[in-house]
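Me: I am new to this structure and would be grateful for a close look at a single part of it. Please begin with one helix, and then place it beside the other local features that deserve attention.

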Amino acid sequence: MLTTSPHRFLRALLRQPVDRTPIWIMRQAGRYLPEYRAVREQAGDFLTLCKTPELACEVTLQPLRRFKLDAAIVFSDILTIPDAMGLGLHFVEGEGPQFERPVQTRKAIAALKIPDPHQELRYVCEAVALCRRKLNNQVPLIGFAGSPWTLACYMVEGKSSREFRTIKTWLYQDPEAVHQLLNRLTEATILYLNAQIAAGAQAIMLFDTWGGLLTPHTYQTFSLAYMQRILDGLTLSTAQTKVPTILFTKGGGGWLENIAQSGCDAVGIDWTIDLGQARQRIGHQVSLQGNMDPAVLYGSATEIRQEVATLLNAYGSGTGHIFNLGHGVTQYTDPEKVQVLVDAVQELSLPFHAMCND
């Protein structure tokens, strides 16, 4: 028999009663925080920061010291798996991630080795375990990975792109090759996320950053189907406690019903869909995470509080909502505005849960 978690974030993911709407923020450990920038400078470069468990743990905990957030997310990157496959990942200032050896032939796919999460990706597991110890069960810890389709976009293109023309051309000219790549990435991701769960991750999130590039049919075939396989392959209960899963497809508002049927516990949504409409469509099947536009944090405190109130009203009463941004907080955000957001959610969400806790 699975036990009820003491953490409102985990309870909300499982649609259990909570006293208020929980909140965490995508990219909550990041460049908008001066203390993060100091540790980043100490590390020397982004990948060294990711691959040093003590430093990764430190930046994971930094936002928790500032804000009364309801979850931590281990500091890492979605490209750890392709990096461990030996593609020569590096980050170019102002341009983002790039690979020295893009995967653009069937021969290159066949040469990819599945990383051992306890060897090539051991640093992530060590960071997860260290974070769990340091958090001392004050808030739960989220582990994560990029979706196979999103990883493939970067691996084939060699870098970020507006159109990802190379992989989309390949998708239509040689779909079987793309499936071979996605199969390999799916196998690697199952191993990777199960290792994070074994190390102590209490919830799992799949970031499908580029799923919105696809048509409804190709999304189902080349993205969602592989995420479903990952969810099916995870060990999602440990010590009699369920490990909930969140699936986030940026630009996936048109496919909410399909995503909700994937086996996930929560669907993350961006700001391009109305939260109330999303709840009407799928909110009784799964929980919803989101979905404030990160740009709202450039506004005044009054405007931020108004937007929080609008979103809470759109979702309505009851559990099953995790307040978050519709994408990651930007480096240009004033931390004081994040404090306004957190305070507003904690204060304004209380009436929406009063009847659940009478």
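**Helix H4 and its setting**

Reply: In helix H4, the buried residues (under 20% relative accessible area with a 1.4 Å probe, protein chains only) are Pro-53, Leu-55, Ala-56, Cys-57, Val-59, Thr-60, Leu-61, Gln-62 and Pro-63. The model is predicted, so local features need pLDDT of at least 70 and side-chain atom pairs pLDDT of 80 or more, while totals for chains, interfaces and linings use all residues. Residues are numbered from 1 along each chain as its sequence is written, and side-chain values use heavy atoms, without hydrogens or water. Helices (H or I, at least four residues) and strands (E, at least two) are DSSP runs numbered from the N terminus.

H4 covers residues 53-66, and its 14 residues should span 20 Å at 1.5 Å a residue, counting one less than the number of residues. The C-alpha atoms at its ends are 21 Å apart, which agrees. Its buried residues are covered by elements including helices H2 (34-43), H3 (46-51) and H7 (122-135), together with strands S1 (72-73) and S4 (141-146).

H2 and H3 also appear elsewhere: each of them, like strands S2 (89-92) and S3 (96-99), supplies at least two residues of the lining of the largest pocket. A pocket is an open set of points on a 1 Å grid over the protein atoms alone, with protein on both sides within 12 Å along at least five of seven lines; lining residues have an atom within 4 Å of a point. The space in this pocket is about 1,500 Å³, taken as that filled by probe spheres set on the points. Of its 41 lining residues, Arg-27, Arg-31, Phe-46, Asp-77 and Phe-91 lie nearest the centre. S2 gives the largest share of the lining, 3 residues.

Arg-27 has a further feature: its phi is positive, about 65°, although it is not a glycine. This residue is placed in the loop between H1 and H2.

Within helix H1 (residues 8-13) lies another arginine, Arg-11. Arg-11 is buried but has no salt bridge, and the nearest side chain of opposite charge, Asp-19, is 4.5 Å away. A salt bridge requires a side-chain nitrogen of Lys or Arg within 4 Å of a carboxyl oxygen of Asp or Glu; Lys and Arg count as positive, Asp and Glu as negative, and His and the chain ends are not counted. Beyond its neighbours within four places in sequence, Arg-11 is in contact (heavy atoms within 4.5 Å) with Thr-4, Ser-5, Pro-6, Gln-16, Pro-17 and Val-18.

Notes. Buried < 20%, exposed > 50% of the residue type's maximum accessible area, 1.4 Å probe, protein only. 1 Å grid on protein atoms, 1.4 Å probe; cavity = no way out; pocket = protein on both sides within 12 Å on 5 of 7 lines; lining within 4 Å.
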